[in-house]
Amino acid sequence: MELRQLEYFVAVATEGGFTAAANRVHTTQPNISAQIRGLERELGSALFDRSGRTVRLTDAGVAALPAAREALAAAENVSRAVADVDGLLRGSLSIGMVEGCTIAPLFATLGDFRSAHPQIELSLSESPSSDLIAAVDDGRLDVALAGYGDDLPAGVESLTVIAERVVAVVPAEAHPARRTVGMPALRRQSLICLPAGAGIRAVFDAAALAQGEPVRPGIEASSPDAIIELVCSGMGVGILSESIADADERVVGLPIRGVETLARLGLLWRSRPSPATTRFIELARAAFGVAARA
């Protein structure tokens with residue numbers, strides 16, 4: 001008994017005829033008929049009643065059909081398991097991360113993956129979050145650590161590791177009591193923002209547009225540290241995430257009224273990932289711990 005014979009048997013039973021089954025499995029009608037006859041001789045019983053205009057299962061065929069389907073499913077599982085192992089024994093994994101990334105669990109994940117799967121060729125690159133999201137979406141990257149809001153492409157999955165408010169960053173001595181600030185007031189300020197394409201900037205820009213019109217920053221700085229230094233120098237009001245502002249006692253972060261979307265930082269990958277990508281995400285979940293949430 002061969003898997004091909006079982007495949008043809010299931011195809012005929014499903015399609016209700018030999019010609020339709022032959023089209024389904026991309027073979028000829030005489031070939032599929034010969035294979036079914038061979039299977040029936042081996043089993044010692046007819047599987048189909050061919051006496052009428054429509055091919056019907058015999059009692060033996062009805063009894064055999066579930067087992068045939070199970071056998072084919074089991075064979076598929078074997079093939080998939082071997083393919084998964086092969087995917088972790090060879091190949092490559094391309095990973096992107098935000099520029100200036102210092103997220104320790106990401107580097108721990110990279111080290112764990114390299115130790116566990118030294119045959120996989122790893123590549124690592126830096127780009128703005130918007131470019132990383134596009135690269136994951138179109139398959140140029142397998143995984144990316146990027147910033148985002150609520151508008152990821154439909155085919156991209158995420159593991160969020162940070163989700164927090166976007167705030168207006170001002171000198172602490174000028175605002176000893178934390179208050180909120182509205183978008184109209186921010187429009188009158190010289191704003192210091194991350195470059196277009198950064199996740200925090202994307203959330204802020206989308207909120208500003210939703211409340212009337214885009215906001216043009218007075219200064220674009222390449223890093224959060226630079227924004228804080230510029231704020232402390234009196235150059236304007238910074239736009240950052242809450243935790244970044246809270247980490248420096250020289251500044252405070254004022255919640256911005258009307259900015260409801262959280263700025264998120266997390267790992268992104270496409271649906272139906274490769275075995276290597278799946279393994280990397282598993283290691284990342286462990287490295288990021290309870291802070292990580294899908």
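Angles between axes under 35 degrees count as roughly parallel, over 145 as roughly antiparallel, 65 to 115 as roughly perpendicular and the rest as oblique. The model is predicted: local features need pLDDT of at least 70 and side-chain atom pairs count only at pLDDT 80 or more, whereas totals for chains, interfaces and linings use all residues. Residues are numbered from 1 along each chain as its sequence is written, and side-chain values use heavy atoms, with hydrogens and water left out.

**View 1. Packing of helix 1 against helix 3.** Helices (H or I, at least four residues) and strands (E, at least two) are DSSP runs, numbered from the N terminus. Helix 1 (residues 3–15) packs with helix 3 (residues 29–43) at an angle of about 110 degrees, and their axes are 9 Å apart. Here axes are lines fitted to C-alpha atoms, for helices over the stretch in contact, and angles run from 0 to 180 degrees between N-to-C directions. Helix 1 and helix 3 are therefore roughly perpendicular to each other. Helix 1 makes the contact (heavy atoms within 4.5 Å) through Arg 4, Gln 5, Leu 6, Tyr 8, Phe 9 and Val 12. Helix 3 contributes Asn 31, Ile 32, Gln 35, Ile 36, Gly 38, Leu 39 and Glu 42.

**View 2. The surroundings of Glu 164 in strand 6.** Strand 6 spans residues 156–164 and includes Glu 164. Glu 164 is buried and has no salt bridge; Arg 165, the nearest side chain of opposite charge, is 8.3 Å away. Buried means under 20% relative accessible area, exposed over 50%, and partly exposed in between (1.4 Å probe, protein chains only). For charge, Lys and Arg count as positive and Asp and Glu as negative, while His and the chain ends are not counted. A salt bridge is a side-chain nitrogen of Lys or Arg within 4 Å of a carboxyl oxygen of Asp or Glu. The side chain of Glu 164 is joined to that of Ser 243 by a polar contact of 2.7 Å. A polar contact is a pair of N or O atoms within 3.5 Å; within protein, one must be able to donate a hydrogen and the other to accept it, and residues adjacent in sequence count only if both atoms are side-chain atoms. Leaving aside neighbours within four places in sequence, Glu 164 is in contact with Ser 241, Glu 242, Ser 243, Leu 262 and Ala 263.

**View 3. Salt bridges, including that of Glu 229 with Arg 250.** The count of salt bridges comes to 13. In the pair formed by Glu 229 and Arg 250, the closest N and O atoms are 2.8 Å apart. Glu 229 belongs to helix 9 (residues 224–232) and Arg 250 to the loop between helix 10 (242–246) and strand 11 (251–255), so the pair ties together parts that are 21 residues apart in sequence. Glu 229 is partly exposed at 40% relative accessibility, as is Arg 250 at 35%. Arg 201, Asp 205 and Glu 220 are joined into one network by salt bridges that share partners.

**View 4. Salt bridges of Arg 4 and Arg 24.** Arg 4 pairs with Glu 2 at 3.5 Å, N to O. Arg 4 has a relative accessible area of 39% and is partly exposed; Glu 2, at 41%, is also partly exposed. Between Arg 24 and Glu 15, the closest N and O atoms of the salt bridge are 3.4 Å apart.
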